[in-house]
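Thank you all for coming; I would like to walk you through one model this morning, going residue by residue where that helps. Please have the viewer open, and stop me if a definition is unclear.

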Amino acid sequence: MTSLPARSEVLSLFRSLLRTSREFSDYNMRKYVKRRTIDAFRHNRNLSDPAAVAAAFADGKSQLGMAKRQAVLYSFYAPRAKNVMEINRP
């Protein structure tokens, strides 16, 4: 039987996913990863079954690894022009 992750571990995973979302050079990917992270944590907020909580935490850790790999990959092929949302206007 797997042990339940501590609240601090879950919050650390959440913060790590949000930090990783800021590493994407593309505006749309940054917002997508951030939105997906927040939605997933809200969806799993009320889990009470220990097995489901442990499975959701393990899935979150795998998603973090995938997001980190994707951020590196996207940095190699970063768009040359900025997105309209990133252009600073006076």
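Let me begin with a question: is F41 buried, partly exposed or exposed? F41 is partly exposed, because its relative accessible area is 24%, where buried means under 20%, exposed over 50% and partly exposed in between, with a 1.4 Å probe and protein chains only.

Before going on, a word on the source: this is a predicted model, in which local features need pLDDT of at least 70 and side-chain atom pairs count only at pLDDT 80 or more, whereas totals for chains, interfaces and linings use all residues. Residues are numbered from 1 along each chain as its sequence is written, and side-chain values use heavy atoms, with hydrogens and water left out.

Now to the aromatic residues, of which two pairs are found in the structure, a pair being rings of Phe, Tyr and Trp (its six-membered ring) with centres within 6.5 Å, where planes under 30 degrees apart count as stacked, over 60 as edge-to-face and the rest as tilted. F14 and F41 make an edge-to-face pair, with 4.9 Å from centre to centre and 65° between the planes. This pair joins distant parts of the chain, since F14 sits in helix 1 and F41 in helix 2, 27 residues apart; helices here are DSSP runs (H or I, at least four residues), as strands are (E, at least two), numbered from the N terminus. F14, like its partner, is partly exposed, with a relative accessible area of 24%.

The other pair, F24 with Y74, is also edge-to-face, at 5.7 Å centre to centre and 70° between the planes. It too links distant parts of the chain, with F24 in the loop between helix 1 and helix 2 and Y74 in helix 3, 50 residues apart. Here F24 is buried at a relative accessible area of 2%, while Y74, at 30%, counts as partly exposed.

Let me turn to the largest pocket, which holds about 810 Å³ of space. A pocket is defined on a 1 Å grid over the protein atoms alone, as an open set of points where a 1.4 Å probe fits, with protein on both sides within 12 Å along at least five of seven lines, and lining residues have an atom within 4 Å of a point. Of the 28 residues in the lining, L17, T37, A40, F41 and G60 are the closest to the centre of the pocket. Helix 1 (7-21), helix 2 (27-43) and helix 3 (50-76) are the elements that each give two or more residues to this lining.

One of those central residues, T37, lies in helix 2 and is buried, with a relative accessible area of 6%. Not counting residues up to four places away in sequence, T37 touches F14, L17 and L18, contact meaning heavy atoms within 4.5 Å.

Two residues of helix 1 deserve a look as well. T20 belongs to helix 1 and is buried at 2% relative accessible area; beyond its neighbours within four places in sequence, T20 contacts L64, A67 and K68. S21, also placed in helix 1, counts as buried at 4%, and with the same neighbours set aside S21 is in contact with R30, V33 and K34.

Conventions:
Points joined across faces, edges and corners; volume = space filled by probe spheres on them.
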